[in-house]
Amino acid sequence: MTDFFKGIPQIRYEGPQTTNEFAFRHYNPEEVVAGKTLAEHLRFAIAWWHSFAWPGGDPFGGQTLQRPWFGDTLDLAKLKADVAFEMFDILQAPFFCFHDADIRPEGKDFAENTRNLKTIVDYIGEKMTGSNTKLLWGTANLFSHRRFMSGAATNPDPEVFAWSAATVKTCMDATLQLGGQNYVLWGGREGYETLLNTDLTQEAEHAGRFLQMVVEYKHKIGFKGAILIEPKPQEPSKHQYDYDVATVYGFLKRFGLEGEVKVNIEQGHAILAGHSFEHELALAASLGIFGSIDMNRNDYQSGWDTDQFPDSVPEMARAYYEVLRAGGFTTGGTNFDAKIRRQSLDPEDLILAHVGAMDVCARALKAAAAALEDGGLEAQRRARYAGWETAEAKAMLGSDLASIEAMVREKGINPEPRSGRQERLENLWNRFV
Ligand SMILES: [Mn+2]
């Protein structure tokens, strides 16, 4: 045992009336809602990078957080893993997620990076045998080191492409070894700073082939999890190629991967793209590529990616409504890709950030499930399209413009507009939230 979280008890469900800070008010993992427990619905995951590797910097200032495991040695990486598993136990977290760079010290070359990764993955594997926490997904950090300043798969330098492909191979091996349920690619610097030096065609071809290789390797090693892409429109790059769900779907179609790759959707990235979270979720479900979510918000005023813990039940309820309409998570889950504020220095802050976020998500999931179970909203959605249930209306889709014109003349079709009922639907929604 380390003493980092000394004095902090395991968090248990005590109900909405409790005044104990270190308790869940709404997240009762065993509570059954719409046929599954809340733990099975929500599938919470802790992010290694923000919780254990982030030093508290922002664009105007450096490190504020001082952790006893900060430093680039294997012993400190093991200490970090010890603390991580203590936090997973305190929160009863069912899953965690990692990048290679979060868990291992940076080596002097590729071989040392791979050795360091293997050592720490073996160490984490041992810790997992004594823990209930599983791996939701693994990923490679192909954006922090200076070698990635012009991208990874889309870097103009083929040696960076090679380094990136080799690194992803080692991270997929690590994810398989730890029983990960998904493998994620976030193209942090797959984009451009200026079109004046960028060949869009060549960069897209390289990114497409890179992703095909990831899928080929998944099948080669027998990895059963899902491959997920995380869309984001910009920041750090001026323009990122995985802009949003619609853009990623077009990319997958272009390279024949729409049946192989799904999306990990983050609320903050949806907001940066000018969408709502629920829009991105609903579109992914509609396209058959919904995979998992990163549960972290942006600040609506600051205009950049602040990665904050969720605090709004009504917003998250809209998100989980779409998750439930999509049939819920299969391999995916709710990953807190969220960081405490840089003034939140205490170990307690890290725990309570997750406790509050898990409660927000539980309240939201329960509200969404109640609205779906009520059925009123879905009945009105179906009623709005009821005209299309007739054989005549369906036949029109197999017809042609000239025949439809003849039909409109013959029948004297003259459509009468009908209410969209938005405010009535919003009132109905608010009964549950
Ligand atoms: Mn994310």
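Glu230 counts as buried, because its relative accessibility is 4%, below the 20% limit used for that class. The model in which this residue sits is a predicted one. Glu230 is also one of the protein donors of the manganese ion, together with Glu266, Asp294 and Asp337. The two glutamates donate through OE and the two aspartates through OD, at 2.0 to 2.2 Å from the ion. Along the chain these donors follow the spacing E-x35-E-x27-D-x42-D. Glu230 and Asp337 link distant parts of the chain, being 107 residues apart. Glu230 belongs to the loop between β10 (226-229) and β11 (239-240), while Asp337 belongs to the loop between β14 (334-336) and α12 (347-374). Asp337 is likewise buried, since its relative accessible area is 7%.

From the metal site, the view can widen to the whole chain. The chain contains 16 helices and 14 strands. Its C-alpha atoms fill a box of roughly 80 × 60 × 45 Å along the principal axes. The radius of gyration is 24 Å, which agrees with the value near 22 Å that a compact globule of 433 residues would have. Of the 433 residues, 50% count as buried. Among contacts between residues at least 6 apart in sequence, 75% join residues at least 24 apart.

The surface and the charges can be described in the same way. The chain exposes about 20,700 Å², and carbon and sulfur atoms supply 51% of that area. There are 45 positive and 60 negative charges, and the mean positions of the two sets are 3 Å apart.

Two further residues show local packing elsewhere in the chain. Phe143 is placed in the loop between β7 (134-139) and α6. Phe143 counts as buried because its relative accessibility is 15%. Leaving aside neighbours within four places in sequence, Phe143 is in contact with His99, Phe148, Trp186, Gly188 and Arg189. Of these partners, Arg189 is 46 residues from Phe143 along the chain, yet the C-alpha atoms of the pair are separated by 5.7 Å.

Helix α6, which spans residues 158-177, contains Thr170. With a relative accessibility of 12%, Thr170 counts as buried. Residues up to four places away in sequence aside, Thr170 touches Phe110, Thr114 and Leu117.

Methods: Residues numbered from 1 in each chain as written. Predicted model: local features only at pLDDT ≥ 70, side-chain atom pairs only at ≥ 80, totals over all residues. Heavy atoms only, no water. Helix = DSSP H or I, 4+ residues; strand = E, 2+ residues; numbered from the N terminus. Rg over C-alpha atoms; globule rule 2.2 N^0.38 Å. Buried < 20%, exposed > 50% of the residue type's maximum accessible area, 1.4 Å probe, protein only. Contact = heavy atoms within 4.5 Å. Areas by Shrake-Rupley, 256 points an atom, 1.4 Å probe, with all protein chains shown as cover. Lys, Arg positive; Asp, Glu negative; His and termini not counted. Charge placed at Lys NZ, Arg CZ, Asp CG, Glu CD. Donors = N, O, S within 2.8 Å, 3.2 Å for Na, K, Ca; no water.
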